[in-house]
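Here are a few exercises to work through with the structure open beside you. Try each task before reading the solution under it.

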2 protein chains.
Amino acid sequence: MEPKLEQLKKYLAQVFDLNSAAALLAWDQETHMPPGGEAARAQQLATLTRLAHENFTSDEIGYLLDDLEPYRESLPYESNEASLLRITRREYTRKRQVPAEFIARFTELASLSYQNWVRARPDSDFASTQPWLERLLDSSREYSSYFSGIDHLADPMIDASDPGMSALEIRRIFTELREELLPLVEAIISQPPADDSCLRQHFAESEQLAFAQHVVRRLGYDFTRGRLDKTAHPFATRFSIDDVRITTRVDENFLGQALFSTIHEAGHAMYEQGIDPALARTPLAEGTSSGVHESQSRLWENLVGRSRGFWQYFYPQLQTRFPAQLAHVPLDIFYRAVNKVERSLVRVEADEVTYNLHVMMRFDFELQMLEDKLAIRDLPEAWYARMEKDMGVVPPSDALGAMQDVHWFAGTIGGSFQGYTLGNVMGTQFFETAVHAHTSIPDEIAQGEFGTLHHWLRENIYRHGSKFTPPELIQRATGGPLSIAPYIRYLRKK
Amino acid sequence: MEPKLEQLKKYLAQVFDLNSAAALLAWDQETHMPPGGEAARAQQLATLTRLAHENFTSDEIGYLLDDLEPYRESLPYESNEASLLRITRREYTRKRQVPAEFIARFTELASLSYQNWVRARPDSDFASTQPWLERLLDSSREYSSYFSGIDHLADPMIDASDPGMSALEIRRIFTELREELLPLVEAIISQPPADDSCLRQHFAESEQLAFAQHVVRRLGYDFTRGRLDKTAHPFATRFSIDDVRITTRVDENFLGQALFSTIHEAGHAMYEQGIDPALARTPLAEGTSSGVHESQSRLWENLVGRSRGFWQYFYPQLQTRFPAQLAHVPLDIFYRAVNKVERSLVRVEADEVTYNLHVMMRFDFELQMLEDKLAIRDLPEAWYARMEKDMGVVPPSDALGAMQDVHWFAGTIGGSFQGYTLGNVMGTQFFETAVHAHTSIPDEIAQGEFGTLHHWLRENIYRHGSKFTPPELIQRATGGPLSIAPYIRYLRKK
């Protein structure tokens with residue numbers, strides 16, 4: 001191998017290790033850390049992310065990339081080495097815009113704000129989070145200010161999570177999608193609502209967790225290279241390809257919460273677990289974008305986990321686990337309950353149709369806050385008004401309103417939500433293509449077999465890590481560009 | 001403040017954060033990490049310890065220390081700032097001897113060896129650990145080879161954990177102590193043994209853990225700045241003064257295991273939790289030596305936790321928790337059971353008297369291995385022979401023999417054990433002094449009040465962190481040098 005490539009990989013491995021340690025500091029903060037650890041943990045996160053940033057954006061890496069440019073040009077585009085040099089160059093160029101000092105400051109701020117949000121949310125204490133959000137909004141603007149020639153302040157943040165995307169492009173997709181969704185929501189909601197009372201009984205936490213574990217193990221989440229813990233907001237995180245962890249939360253009075261959030265996070269985690277080991281400890285050893293990541297979590301959560309076939313297989317097992325609650329509930333009633341479309345308050349519990357309205361609202365608010373058209377202090381009221389307009393319901397509290405999602409309280413305001421709806425769209429495209437290639441997949445799902453689907457996803461999506469941009473990956477996997485048609489088709493049919 | 005001191009503190013804080021993140025990587029490895037994570041975790045630990053070492057031993061820190069030398073001389077010896085400069089200089093000089101590349105290599109080796117030991121120990125599979133131990137022995141010799149002018153290969157390792165100590169000095173102390181202990185052991189063992197069958201019943205794990213938590217909370221371990229988990233080998237670790245965690249292990253058929261190991265580790269943790277917050281994120285924010293650390297764990301475990309007064313208070317509560325097992329066991333029988341002296345196989349379960357014979361054996365073996373007088377492959381047999389000679393018992397397996405302690409399998413061979421016996425000696429000196437100053441302490445213990453003792457320890461030991469060397473600390477706290485007399489006096493009396 002080229003000695004300079006060897007040297008570059010050594011530097012990149014060090015950056016990967018620093019980022020992995022930072023991810024563990026964050027995971028521990030949300031799972032096991034005692035409250036006293038807060039202040040020091042924020043400092044530790046700041047130090048490690050700063051060092052990772054400094055190391056990655058060092059002059060040495062720039063020189064190596066320059067020196068390796070002819071070598072890269074000599075390699076096939078799709079090779080691991082050319083991809084490594086290409087993506088590292090892209091990320092290097094992007095991250096060099098931002099000073100390490102800012103990264104450290106922002107990380108510490110986000111960690112402290114997160115910890116405040118965890119305390120404030122149960123009491124709907126928006127006032128205590130307001131100054132944190134204001135500082136995070138300022139910091140988000142500062143982040144964007146390091147990039148020149150941008151059309152919208154949100155663009156650098158959108159590009160960081162969904163490379164190649166912009167506020168303009170997402171607005172275009174969302175407008176198109178919204179026009180299709182609104183009449184669909186109206187049509188469904190004007191029908192008599194499904195009865196989901198069977199989900200709203202008492203289900204013991206330990207049994208819920210055991211069932212969720214059983215399900216995601218069957219889907220292909222590898223517990224020898226992962227684990228499941230409880231947190232305030234479910235998430236997936238990875239420390240290496242062979243250590244990808246998920247978290248969930250449990251509502252003992254609602255069966256849907258733990259189960260579907262566990263499947264969702266397992267979808268993210270199977271993506272990371274399925275990356276080609278040859279890419280380990282490089283910038284390629286992670287999902288390629290927020291949207292593609294969400295395509296995997298939403299695919300498993302909805303296209304698989306809310307399908308009739310899935311429940312044909314799993315429902316008898318669930319009934320055995322909760323006989324008092326479910327023995328007399330027929331499969332059809334249960335299936336309708338987990339697919340109930342309603343004017344919901346909470347994004348992560350929303351059905352497949354209205355979910356995107358939640359996302360679009362957050363996306364619009366992000367842009368408005370960045371544009372100074374919506375002040376942080378007015379966010380709760382704006383939330384109520386928009387929920388009433390879009391969904392016909394008003395949240396009873398900020399905990400179920402503007403404070404429900406962790407994102408803005410622990411990261412940038414901008415670029416945080418578009419990936420979810422992009423993921424819904426892409427996920428359906430991927431699933432449709434997989435079923436087209438292997439028509440047995442729906443029948444296999446009904447028999448509790450997920451190997452063919454999992455294998456198709458690993459071959460076409462997972463193993464590539466971030467070698468390809470989202471448009472490249474969609475083109476390679478489906479033979480065409482991003483399209484909302486399969487998603488609308490799927491929703492109409494269902 | 002001096003701007004250069006400010007700059008030095010900034011560098012040292014960064015090193016502290018790297019070391020804290022490495023400690024979290026290690027804690028997670030032993031508590032929660034899935035097996036798949038092993039290889040990557042070893043690399044991550046190697047990277048972080050290397051970076052911490054490189055940062056700490058950088059030329060910049062040397063220049064700053066040189067420049068600050070006149071300032072240090074202008075300050076009172078006991079001031080935080082003079083102590084910071086003095087101890088940083090000592091550690092800088094010591095660590096500069098060792099290349100960062102060695103630290104990374106050794107850390108990765110130790111991590112992989114540890115993970116192998118965890119798998120091999122249940123099956124007493126010494127053969128699989130032998131090549132790891134041989135490499136660790138070579139590495140331990142290599143470590144010492146970086147230091148010049150030493151009397152014994154073990155000295156640099158001993159000095160790293162017990163500053164100022166040497167193999168020669170410890171041999172002198174151990175010889176003196178051994179002469180006192182051997183007749184004492186003989187005398188006790190020739191009496192009819194205490195009956196500890198009351199401890200050897202079935203005690204549910206969850207109840208054992210709940211009781212252990214209750215006890216250490218009462219002693220003063222702060223759970224808002226700590227937590228308790230289960231591991232193969234109990235330990236205490238800290239990520240900051242406000243996040244100091246302990247672990248334990250539970251034997252459902254022996255009550256002594258979880259309880260006394262939890263008290264032991266809480267003793268370590270209270271030391272770290274009690275350090276003056278003004279020392280945070282500096283090299284002073286940790287216990288001053290292995291021996292002083294063990295003095296705290298052994299003091300709480302034995303001088304407090306195996307005292308009659310302690311059980312006068314806690315035994316009725318324990319009986320309430322385990323009525324079937326203990327309701328009819330009188331306090332006196334229980335007290336004798338937890339103080340039973342016997343020819344024990346396992347160090348961490350040994351009584352206060354024979355415990356030191358276990359330590360001395362390990363210390364002698366360490367020196368012999370370093371001197372090439374004992375080969376790794378002969379270690380199990382040497383263990384059997386020495387156990388028979390010293391204790392009159394032979395372990396039935398290597399799991400209860402040469403493989404029982406984690407230390408050599410996850411660290412250096414040399415400097416690993418002397419601290420335990422030094423701790424027994426110092427702990428008694430400290431306790432005697434505290435009781436002399438506050439004669440109410442024994443009565444308070446019998447009433448479940450530990451505040452006076454805890455306060456004395458915090459004032460005289462904890463808060464200083466590593467500002468003072470062990471001899472300085474002993475002199476300040478007790479008014480005299482290290483002495484085995486109080487320890488022998490205590491054992492004879494008991």
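## Exercise 1: a salt bridge and its surroundings

Glu371(A) has a relative accessibility of 27%, so Glu371(A) counts as partly exposed. Bear in mind that this is a predicted model. Your task: find which residue Glu371(A) forms a salt bridge with, and how far apart the closest N and O atoms are.

**Solution.**
- Step 1. The partner is Lys373(A), and the closest N and O atoms are 3.3 Å apart.
- Step 2. Check that against the cut-off: a salt bridge needs a side-chain nitrogen of Lys or Arg within 4 Å of a carboxyl oxygen of Asp or Glu.
- Step 3. Now the partner's surroundings: Lys373(A) has 64% relative accessibility and therefore counts as exposed.
- Step 4. Elsewhere, salt bridges that share partners tie Asp28(A), Arg41(A), Asp243(B) and Arg245(B) into one network.
- Step 5. For the wider picture, a search over all chains of the whole structure turns up 93 salt bridges.

## Exercise 2: a link between distant parts

Take the salt bridge between Asp59(A) and Arg96(A), and work out which helices it links.

**Solution.**
- Step 1. Start with the side chains, which meet at 3.0 Å, N to O.
- Step 2. Place each end: Asp59(A) sits in helix α3 (residues 59-67) of chain A, and Arg96(A) in helix α5 (residues 80-96) of chain A.
- Step 3. The two residues are 37 residues apart, and the pair links distant parts of the chain.
- Step 4. Look at exposure: Asp59(A) has a relative accessible area of 41% and is partly exposed. Arg96(A), at 41% relative accessibility, also counts as partly exposed.

## Exercise 3: a hairpin in chain A

Say how β2(A) and β3(A) run and how many bridges join them. Then decide whether Thr237(A) is buried or exposed.

**Solution.**
- Step 1. The strands run antiparallel, with 4 bridges joining β2(A) to β3(A), residues 243-248.
- Step 2. The connection is a hairpin through 2 residues. Ser240(A) has Asp243(A) in β3(A) as its bridge partner.
- Step 3. Of the 5 residues of β2(A) (residues 236-240), 4 are buried, so this strand is largely enclosed by the rest of the structure.
- Step 4. Thr237(A) lies in that strand, β2 of chain A. With a relative accessible area of 14%, Thr237(A) is buried, given that buried means under 20%.
- Step 5. Beyond its neighbours within four places in sequence, Thr237(A) is in contact with Ala23(A), Trp27(A), Asp243(A), Val244(A) and Arg245(A).
- Step 6. Two of those contacts pair up themselves: Asp243(A) and Arg245(A) form a salt bridge, with the closest N and O atoms 2.8 Å apart. Asp243(A) is buried at 1% relative accessibility, and Arg245(A) is buried at 0%.

## Exercise 4: the sheet in chain B

Work out in what order the 3 strands of the open sheet in chain B lie. Then find which helix of chain A packs on the sheet.

**Solution.**
- Step 1. The order is β1-β3-β2, with mixed pairing.
- Step 2. At the edges are β1 (228-230) and β2 (236-240) of chain B, each pairing on one side only.
- Step 3. Ignoring direction, neighbouring strands of this sheet are turned by 30° against each other on average.
- Step 4. One of the pairings is β2(B) with β3(B), residues 243-248, antiparallel over 4 bridges. Within it, Ser240(B) has Asp243(B) as its bridge partner.
- Step 5. Helix α2 (residues 38-56) of chain A packs on the sheet, touching β2 and β3 of chain B, and its direction makes about 75° with that of β2(B).

## Exercise 5: how the copies are related

Find what turn and what shift lay chain A on chain B.

**Solution.**
- Step 1. Recall that two copies of a chain are related by a rotation about an axis and a shift along it.
- Step 2. Here the turn is 180° and the shift along the axis is 0.0 Å, giving an RMSD of 0.0 Å.
- Step 3. The two copies are therefore related as by a two-fold rotation axis.
- Step 4. In chain A, the C-alpha nearest the axis belongs to Ala21(A), 3.2 Å from it.
- Step 5. The same surface serves both copies, with 100% of the contact residues of chain A recurring in chain B.

Note on methods. Residues are numbered from 1 along each chain as its sequence is written. Chains are lettered from A and ligands numbered from 1 in the order in which they are written. This is a predicted model: local features need pLDDT of at least 70, side-chain atom pairs count only at pLDDT 80 or more; totals for chains, interfaces and linings use all residues. Side-chain values use heavy atoms; hydrogens and water are left out. Copies are superposed by least squares on the C-alpha atoms of residues with pLDDT of at least 70 in both. Contact means heavy atoms within 4.5 Å. Two strands pair if DSSP finds at least two bridges between them. Axes are lines fitted to C-alpha atoms, for helices over the stretch in contact, and angles run from 0 to 180 degrees between N-to-C directions. Buried means under 20% relative accessible area, exposed over 50%, partly exposed in between (1.4 Å probe, protein chains only).
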